[in-house]
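Please walk me through this structure, beginning with its sheet and going on to the helices, the cores and the individual residues that deserve a second look. I am new to it and would welcome a careful explanation.

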Amino acid sequence: MRNIRVAAAQLGPIQLEESRVRVIERMLDLVAQARAAGAGLIVFPELALTTFFPRWYREDVADFDRFYETQMPGPDTARLFTTAREAGMGLYLGYAELTPEGARYNSSVLVAPDGTVAGKYRKVHLPGHADYDETRDFQHLEKRYFTPGDLGFGVWQMLGGRLGMAICNDRRWPETYRVMGLKGVEMILVGYNTPSQNGLRPAEGPEQRRFHNRLSVQAGAYQNSTWVVAVAKAGREDGHHMIGGTLIVNPNGEIVAEARTEEDELVVHDCDLDATAFGKQTIFNFARHRRIEHYGLIATQTGVEDPPGSSSS
């Protein structure tokens, strides 16, 4: 067995006025709980250090510069890195990144147990819109505050296995998992902040949204024979509810652990990376069964195009 005891560190809501220092204190408490549980890896949500600020419209995006990190670790987050290193734990952390060139990304880092950054990921599939939309019940302005990621879907050797990263909306896209699957990924770490209501379809409430969350993660895990650890920010944040539902899914697509609350909560499970081998060697043996001569559209076309002979009204 190549076992990793994973601590999925769900966070309850982070209010607009809550300081980064206070948030990190909450995260350090979860690290202490993970250490007591013997975890070797702790996984935090998307934008773990702040409220989900893309729900607010500002004409000048620089008004929200206080929510971005210009270095990782930085003055505030260094304690988190140090504490995880002292506990001998790896770390996944989602945050807003502001580069020296002024580019803004929804990012995450994978930190090795020795405290060094093993990998960085920048969210590729940005949902929502870029300008204020009065037709929505609430705004979702990721396309205003972030640029689509430019690093692709990396996989890194760490903790004796192959680990990959994704963020929130990425989990809904099969391409996310398959690219990492083609790199032999054995565990994908996903942080998310998902509202409990669709801003354009009020009838789509929390139950359906939790269903879609589980469906996406379970399908990605099964179809690529990989563990997936999906960790939420949950509860009512600045008046807006988020679904929570942190979960760990095994390579057979089965939920093996799930959060019970919408607060700060640790979900711990032993994940055997060798359990990925059967699926990779049989039904999802890519080398034996994939037919790439028929997949060209996936990498050459974005929107839907009508097939030959069809007519549009």
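Two strands are said to pair if DSSP finds at least two bridges between them. With that in mind, and remembering that this is a predicted model, one can start from an open sheet of six strands, which has mixed pairing and follows the order S7-S8-S9-S10-S13-S14. At the edges stand strand S7 (155-158) and strand S14 (255-258), and each has a single partner strand, so one side of each is left without a neighbour in the sheet. On average, neighbouring strands of this sheet are turned by 20 degrees against each other, direction ignored. Within the sheet, strand S8 (residues 161-167) pairs with S9 in the parallel sense over five bridges, and Ala166 stands opposite Val190 in S9.

Two helices can be placed against these strands. Helix H4 (residues 174-181) lies across S7, S8, S9 and strand S10 (227-232), and runs at about 160 degrees to S8. Helix H5, in turn, lies across S9, S10, strand S13 (247-249) and S14, running at about 30 degrees to S13.

The nonpolar interior comes next. The largest nonpolar core has 42 residues, of which Leu41, Met187, Leu189 and Val229 touch the most other members, and its largest share, six residues, comes from S10. Leaving out residues up to four places away in sequence, Leu41 touches a list of residues that includes Ile4, Val6, Met89, Leu91, Met158, Leu163, Met187 and Leu189. Another core, of 27 residues, lies apart from the largest one, and among its members are Leu11, Ile14, Leu28 and Val111.

Ser196 is found in the loop between strand S9 (187-192) and helix H5 (206-224), where this serine is buried, with a relative accessible area of 6%. Its side chain is joined to that of His241 by a polar contact of 2.5 Å, and a polar atom of the Ser196 side chain also lies 3.3 Å from the backbone nitrogen of Ile243. Beyond its neighbours within four places in sequence, the contacts of Ser196 include Glu204, Gly205, Pro206, Arg209 and Met242.

His241 and Ile243 lead on to a hairpin, since strand S12 covers residues 240-243 and runs antiparallel to strand S11 (residues 234-237), the two being joined by four bridges. Gly235 has Met242 in S12 as its bridge partner. Two residues lie between the strands of this hairpin, and Asp238, found in the loop between S11 and S12, has a positive phi of about 50 degrees although it is not a glycine. Asp238 is buried, with a relative accessible area of 16%.

Ser225, in the loop between H5 and S10, likewise has a positive phi, near 45 degrees, in a residue other than glycine, and Ser225 is buried, with a relative accessible area of 2%. Elsewhere, a cis peptide bond with omega of about 0 degrees joins Met72 and Pro73, and Pro73 belongs to the loop between strand S3 (68-69) and helix H2 (78-86).

How many disulfides are there? A disulfide is counted when a pair of cysteine sulfur atoms lies within 2.5 Å, and by this rule the count comes to zero. Among the cysteines, Cys168 is buried, with a relative accessible area of 6%, and Cys271 is buried too, with a value of 0%.

Note on methods
Residues are numbered from 1 along each chain as its sequence is written. This is a predicted model: local features need pLDDT of at least 70, side-chain atom pairs count only at pLDDT 80 or more; totals for chains, interfaces and linings use all residues. Side-chain values use heavy atoms; hydrogens and water are left out. Buried means under 20% relative accessible area, exposed over 50%, partly exposed in between (1.4 Å probe, protein chains only). A polar contact is a pair of N or O atoms within 3.5 Å; within protein, one must be able to donate a hydrogen and the other to accept it, and residues adjacent in sequence count only if both atoms are side-chain atoms. Contact means heavy atoms within 4.5 Å. Axes are lines fitted to C-alpha atoms, for helices over the stretch in contact, and angles run from 0 to 180 degrees between N-to-C directions. A nonpolar core is a set of buried Ala, Val, Leu, Ile, Met, Phe, Trp, Tyr and Cys residues joined through side-chain atoms within 4.5 Å.
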